[in-house]
Amino acid sequence: MSKTIIISNRLPLQISIEDNNLEVTPSVGGLATGLKSFHKEGDSIWIGWSGLPEEEIPEHLLEDVKSKARDEDCIAVNLTEEEIEGFYYGFSNRTIWPLFHYFMEYTESDDTYWETYKQVNQRYADEVLKHYEEGDHIWVHDYQLLLVPKMIREQAPDAIIGFFNHIPFPSYEVFRTLPWREEVLEGVLGADLIGFHTYDYERHFLSSVSRILRHQVDFNEITLPDRIVKVDSFPMGIDYEKFSKAALDHYEKTSENQSELQQRLDHHLKATPDAKLILSLDRLDYTKGIANRLRAFEYFLDKYPEFVEKVRLVMLAVPSRSNVPQYQLLKREIDELVGRINGKFSTVSWTPIWYFYRSMPFENLIDLYTSCDIALLTPIRDGMNLVAKEYIATRTDHTGVLILSEMAGAAHEMNEALIINPNNFDQIASTMKQAFEMPVEEQISRNKMIQKRLKRYNVEKWAQDFMKALRNTEDNRQAFEAI
Ligand code: GDG
């Protein structure tokens with residue numbers, strides 16, 4: 001029977017060593033949380049890095065790492081520290097990530113990073129080929145593995161390969177600045193089907209293919225000398241039931257089995273019944289607009305002092321890529337902003353920002369989603385933004401207000417949210433005021449509409465649609481051969 005082979009930089013599990021024992025924890029991040037449910041239910045194997053550099057795995061634990069991964073139908077790719085530096089922290093996160101999110105001033109062009117990126121992409125492709133059998137469907141994920149489709153195709157010309165990009169694809173004018181633009185496009189074009197979250201990213205990709213490689217592009221099909229490649233948009237959904245059920249279970253809890261975080265949140269709500277909590281939740285990344293969000297919050301308190309002591313920003317920033325200098329600088333900037341704003345506005349009984357710099361277990365995430373009256377998500381650029389969708393899914397009584405940046409892919413599907421430009425502080429501040437004053441009936445009617453959509457187009461449907469379109473490319477191939 002044929003299977004699906006999923007390939008992503010990281011596995012959905014993270015293996016670490018504690019006191020000479022292996023510990024397995026789920027990975028945090030959009031791709032892992034989204035695809036995990038598809039992987040659990042289907043007949044698939046998942047190939048990716050375990051999160052441990054090869055040098056840190058003692059010889060006697062090597063087999064254990066493999067077997068822990070195998071228990072979850074995963075195959076661990078081993079990477080050395082040098083490879084992680086050049087491939088992951090280097091080319092992926094200092095070249096592609098900033099460029100694709102329009103942070104051109106952060107984009108580095110380094111030949112060593114590029115060489116390591118190619119070498120590591122080849123390693124992933126080789127691992128796929130070890131497990132590939134005719135009839136299997138191969139699904140490659142994201143910007144760390146842009147060359148893998150072509151590398152697989154070179155060894156298995158008839159393979160059915162899909163590629164999905166979880167981050168934006170920039171406009172041609174930005175993409176063309178990449179020194180290795182031809183190789184990158186050719187790498188992705190090894191796939192039969194290329195998917196993006198939105199129509200805009202799809203359009204940008206097609207424009208780069210036609211202008212840089214001069215391939216014929218008709219609507220969403222690219223004609224290569226020997227094949228047709230299909231490009232389409234598939235906005236990724238969430239495991240809606242998981243989030244709404246977790247929220248319902250959460251409300252069933254008595255004070256004895258509540259988390260400490262929830263007890264603190266409840267304490268705050270009881271002490272200040274007319275105050276509201278605003279949620280800010282992301283990986284600590286410059287694309288997420290966290291510093292701007294803090295500045296906009298400060299502007300809001302300055303402009304509308306009547307909200308002093310009536311509002312609290314609960315901010316969870318999850319540590320991410322802390323080896324990259326821009327992330328270290330951003331961390332410092334955020335620490336300073338939080339300190340300054342808290343110093344400026346705090347009263348003896350009130351602190352405007354609760355700031356957590358850590359990752360939290362799923363249960364605490366639900367505590368935050370369900371306790372906050374408003375979610376303020378202001379990315380400068382974001383492929384999709386699953387947090388926006390998860391927040392709405394947990395609002396089982398349909399109350400709550402989502403303020404979302406128009407730069408997030410999710411904004412295209414969430415028209416009923418309050419959509420803002422993340423660079424316009426005045427607009428953010430007046431939208432926060434609007435959120436505060438929004439009648440409950442209006443909150444309910446807006447959220448119900450979004451919930452209906454999120455429920456229907458959940459992550460399972462997203463994966464099914466992609467796989468269905470991938471299978472359809474086989475018909476395309478036959479038609480091409482018949483010409
Ligand atoms: C990339 C693209 C695109 C976060 N903190 C914790 C935690 N999370 C989970 C959330 C959510 C996920 O991580 C974050 O997903 P996002 O979509 O918001 O952001 P990225 O990580 O940047 O994801 C993005 C996504 O890929 C999918 O294609 O939407 O645009 O950048 O699911 O719940 N989970 C736990 N603890 C945390 O502290 N357990």
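Which of the 25 residues around the ligand come nearest?

1. The residues that come nearest, of the 25 around the ligand, are H166, M360, D382, M384 and E390, where a residue is near a molecule if one of its heavy atoms lies within 4 Å of it. This is a predicted model, in which local features need pLDDT of at least 70 and side-chain atom pairs count only at pLDDT 80 or more, while totals for chains, interfaces and linings use all residues. Residues are numbered from 1 along each chain as its sequence is written, and side-chain values use heavy atoms, with hydrogens and water left out.

2. Three side chains make polar contacts with the ligand, a polar contact being a pair of N or O atoms within 3.5 Å. An N or O atom in the side chain of H166 is 2.6 Å from an oxygen atom of the ligand; for D382 the corresponding distance is 2.5 Å, and a polar side-chain atom of E390 also lies 2.5 Å from a ligand oxygen. On its own the ligand has 730 Å² of accessible area, of which the protein covers 93% (Shrake-Rupley method, 1.4 Å probe).

3. At least two residues of the shell around the ligand come from each of α1 (30-41), β12 (276-283), β13 (311-318), α13 (362-371) and α14 (386-393); helices (H or I, at least four residues) and strands (E, at least two) are DSSP runs, numbered from the N terminus.

4. Six strands form an open, parallel sheet in the order β14-β13-β12-β15-β16-β17, two strands being paired if DSSP finds at least two bridges between them. Its edge strands, each pairing on one side only, are β14 (353-357) and β17 (418-420). β13 and β14 pair in the parallel sense over five bridges, with V314 standing opposite W354 in β14. Helix α13 packs on this sheet, touching β12 and β13, and its direction makes about 140 degrees with that of β12; contact means heavy atoms within 4.5 Å, and angles run from 0 to 180 degrees between N-to-C directions of axes fitted to C-alpha atoms, for helices over the stretch in contact.

5. Nine strands form another open sheet, with mixed pairing, in the order β5-β4-β1-β6-β7-β8-β11-β10-β9. Here the edge strands are β5 (74-79) and β9 (216-218). Strands β6 (residues 137-141) and β7 (residues 160-164) pair in the parallel sense over five bridges, and W139 stands opposite G162 in β7. Helix α3 (residues 81-100) lies across β1 (4-10), β4 (44-53) and β5, running at about 95 degrees to β5.

Conventions. Polar contact = N/O pair within 3.5 Å; in protein donor to acceptor, adjacent residues only side chain to side chain.
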